[in-house]
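Biologist: Before I use these terms at the bench, I would like to hear what each one rests on. Please show me the model first.

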Amino acid sequence: MLGRIRGWHRRHWRDRSKAERVELQTVGTWYFTTWFFSFAWLALPLVGGLEQRPGPQLVGGLLLLASALQCAEANRLTRPVLDHYLGRAQLPPRALYPAAGLLVLGLSLALALTVVGGADPVTTRLCIGAALLPFVMLYGLVVSIRRFLRHSALLAVVLMAAFGWAEPDVTGIFMVGCLTAFATCFSLFACRCSAWNLAVLWEADRAGEVEARLAVAEERLRFGRDLHDVMGRNLAVIALKSELAVQLARRGRPEAVEQMIEVQRIAQDSQREVRAVVRGYREADLGIELAGAQGVLRAAGIACEVSGEAGGLPAEVQSALGWVVRETTTNVLRHGDAGRCSVALRMPEGRVVLTVENDGAGSSATENGDGSGLTGLRERLRGVDGTLEAGFVGAGVFRVVAEVPLSGKAAVREVAS
């Protein structure tokens, strides 16, 4: 049983984005609310306030059945109505007809209970509220606010007139109006406001995705411009000198060899320049990555503490560890629900150790630990004789430790340069 609960938690909570979690919580709250009001305003009052006669008991039983059907229908329509409000899908024109029919049935049974005098006035008025809420929670998301208020006012007048005819009591009539107003306000301030917050949250989420795609596109354009600046002139020169060498060779002139030697030199220079561009594009500066990770995590609402200085380390070591910081920061943002992250850079004798630790890690962190991300980091660290260890060190706490010896290949290359 515990394993099933953990599996459900992983599938329906841990593996969802924050926006999806908020939406799931909101929909679950709406599911619960419909049943709660049906239980508190209908089932409990009927138990103590229903007359012990066949007629009232029959009407009361039908009321309970109609209320249960209303709640089930409201739960079934919650997702389609929310998708309609958020603009993700169109709601069929007659989708609310069954819910409206059940509303009319519930109100009619409450009126019949009043006519036969089967319960005290407070109980019958609460039955009206219990019948109204499941429908108005849906209807408030389907139509405009102005139309919803107009229809609610009309419904309040009709109900006050009907129940005033059945039981001409000023207090009871006023209570019917108050219950209708409460159902209207509850739908607007609880349900519609929650749906509006969801719409804003999803819009911000989409804006973040668009911003990320634009950043990637901008970086690709920058990289393309750099390659064009490096290769454009050299390729033009190579084309001209090659054409000149062809013409000279056809005439039997020895200068053709000199031109081809020049073409070879320009091609080799182009290779070196392209490698320099790619190296600058792929290398990561450790100091910049540490500062960037702290800023990004704090902007995401995650407390981040960075300790240690990257100065004095060989360039290749900084590049490899910078990629570790970049990849682990991405994992903290994408996997789990971290509230705290610490990045520590230590330099014991003859080696440098980078430790990244965060809480709130879910099962996806374990899956990612053996995925292509950390595998790529291990390959980068292997180039400087480094190692990488990743795994859980406590309940929901994930730690990545990268260690590079300063007496390895990187240090030798640094001394040689």
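What follows takes the sheet, the helix across it and one cavity in turn.

Modeller: Keep in mind that this is a predicted model.

Biologist: What makes β2 and β3 paired strands?

Modeller: Pairing needs at least two bridges between two strands. Strand β2 (residues 340-346) and strand β3 (residues 351-358) are joined by 6 bridges, so they pair under that rule. The two run antiparallel. Within this pair, Val 343 has Val 356 in β3 as its bridge partner.

Biologist: In what order do the strands of the open sheet come?

Modeller: The order is β1-β2-β3-β5-β4, 5 strands with mixed pairing.

Biologist: Why are β1 and β4 called edge strands?

Modeller: β1 (303-307) and β4 (387-394) each pair on one side only. From one strand to the next, the twist averages 10°.

Biologist: Which strands does helix α10 lie across?

Modeller: Helix α10 (residues 315-334) crosses β2, β3, β4 and β5 (397-405), and runs at about 5° to β3.

Biologist: What makes the second largest cavity count as one of the 3 cavities?

Modeller: The count takes cavities of 30 Å³ or more. The second largest has a volume of about 60 Å³, so it passes that cut-off, and a cavity is a space where the probe fits but cannot get out.

Biologist: Which helix gives the most to the lining of that cavity?

Modeller: α3 does, with 4 residues. α2 (18-49), α3 (54-85) and α5 (121-142) each supply at least two.

Biologist: How do the lining residues divide by class?

Modeller: There are 7 nonpolar, 3 polar and no charged residues. Trp 30, Met 137 and Cys 191 are among the lining residues, and these count as nonpolar because Trp, Met and Cys belong to that class.

Definitions and conventions. Residues numbered from 1 in each chain as written. Predicted model: local features only at pLDDT ≥ 70, side-chain atom pairs only at ≥ 80, totals over all residues. Heavy atoms only, no water. Axes fitted to C-alpha atoms, helices over the stretch in contact; angles between N-to-C directions. Contact = heavy atoms within 4.5 Å. 1 Å grid on protein atoms, 1.4 Å probe; cavity = no way out; pocket = protein on both sides within 12 Å on 5 of 7 lines; lining within 4 Å. Points joined across faces, edges and corners; volume = space filled by probe spheres on them.
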